[in-house]
Amino acid sequence: MIVVSICIPVFNGESTLPRLFESIIPQILLKPEKAIEIVISDDRSSDSSPSIVNSYAERYNFIRYYTNKSNMGMDANFAEVALHAS
């Protein structure tokens with residue numbers, strides 16, 4: 001059972017995603033008994049955000065990645081990522 005969902009809306013976040021993951025993941029790994037997930041909702045990024053997220057998601061099964069069918073805008077993407085949280 002998931003206890004905490006870390007929801008991250010993304011649009012063209014290639015400059016910040018690696019630092020974000022490198023700061024959150026070690027904290028999750030320190031508490032393996034806790035059920036924590038990272039949920040990413042990508043608002044159709046045109047940079048390398050998808051490949052960055054996928055590279056982390058391949059290594060860590062607690063990362064869930066969703067891509068919107070079209071660019072929804074910031075407010076809608078915030079709402080969308082919450083819909084995917086456990």
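Where is the place of Asn12? Select Asn12 and you will find it in the loop between β1 and α1. One thing to keep in mind as you click around: this is a predicted model.

**Stop 1: Asn12**

Check the backbone torsions while Asn12 is selected. Its phi is near 50°, a positive value in a residue other than glycine. With a relative accessible area of 30%, Asn12 is partly exposed. Keep that positive phi in mind, as another residue further along the tour has one too.

**Stop 2: helix α1**

Now select residues 17–29, which make up helix α1. If you like a quick sanity check, put a distance label between the end C-alpha atoms: they are 18 Å apart, which agrees with the 18 Å that 13 residues should span at 1.5 Å a residue.

Next, colour the buried residues of α1: Leu17, Phe21, Ile24, Ile25 and Ile28. They cover an arc of only 105° around the axis, so they sit on the same side of α1. Turn the helix to its other side, and Arg19 and Gln27 are exposed there. What lies over the buried residues? The cover includes β1 (4–10), β2, α2 and β3 (63–67).

**Stop 3: helix α2**

Move on to α2, residues 49–59. Here the buried residues are Ser49, Ile52, Val53 and Tyr56. Look down the axis of α2 and you will see these residues within an arc of 95°, so they line one face of the helix. Among the elements covering them are β1, α1, β2 and β3. So α1 helps to cover the buried residues of α2, and α2 helps to cover those of α1.

**Stop 4: the salt bridge**

How many salt bridges does the structure hold? There is 1. To see it, select Arg64 and Glu37, whose closest N and O atoms are 2.4 Å apart. The pair connects distant parts of the chain, with Arg64 in strand β3 and Glu37 in strand β2, 27 residues apart. Side chains of opposite charge can pair when their charged atoms come close.

Switch on a surface and compare the two partners. Glu37 is buried, with a relative accessible area of 3%, whereas Arg64 is partly exposed at 25%.

**Stop 5: Asp43**

Now go to the loop between β2 (36–42) and α2, and pick Asp43. Is this residue's nearest side chain of opposite charge within salt-bridge range, or beyond it? Beyond it: Asp43 is buried yet has no salt bridge, and that nearest side chain, Arg44, is 7.4 Å away. A salt bridge would need the nitrogen and the carboxyl oxygen within 4 Å.

Asp43 does have polar partners, though. Show the side chain of Asn68, and you can draw a polar contact of 2.9 Å between it and the side chain of Asp43. Then add Gly73, whose backbone nitrogen lies 2.9 Å from a polar atom of the Asp43 side chain. To fill in the surroundings, display the residues that Asp43 touches beyond four places in sequence: Val10, Phe11, Asn68, Ser70, Asn71, Met72, Gly73, Met74 and Asn77.

**Stop 6: Arg44**

Step one residue along to Arg44, which also lies in the loop between β2 and α2. This is the other positive phi promised earlier: about 65°, although Arg44 is not a glycine. Arg44 is partly exposed, with a relative accessible area of 45%.

Follow the Arg44 side chain and you will see that it reaches the backbone oxygen of Asn68 at 3.4 Å. Leaving aside neighbours within four places in sequence, the contacts of Arg44 are Phe11, Thr67, Asn68, Lys69, Ser70 and Asn71. For a sense of scale, label the C-alpha distance from Arg44 to Leu30: the two are 14 residues apart in sequence and 32 Å apart in space.

**Stop 7: Asn77**

Finish in helix α3 (residues 74–84) by selecting Asn77. Asn77 is buried, with a relative accessible area of 3%. Outside its neighbours within four places in sequence, Asn77 is in contact with Pro9, Val10, Ser41, Asp42, Asp43, Asn68 and Met72. That list takes you back to Asp43, which you visited at Stop 5.

Conventions. Residues are numbered from 1 along each chain as its sequence is written. This is a predicted model: local features need pLDDT of at least 70, side-chain atom pairs count only at pLDDT 80 or more; totals for chains, interfaces and linings use all residues. Side-chain values use heavy atoms; hydrogens and water are left out. Helices (H or I, at least four residues) and strands (E, at least two) are DSSP runs, numbered from the N terminus. Buried means under 20% relative accessible area, exposed over 50%, partly exposed in between (1.4 Å probe, protein chains only). Lys and Arg count as positive and Asp and Glu as negative; His and the chain ends are not counted. A polar contact is a pair of N or O atoms within 3.5 Å; within protein, one must be able to donate a hydrogen and the other to accept it, and residues adjacent in sequence count only if both atoms are side-chain atoms. Contact means heavy atoms within 4.5 Å. The expected span of a helix is 1.5 Å times one less than its number of residues. The arc is that of the directions from the helix axis to the C-beta atoms.
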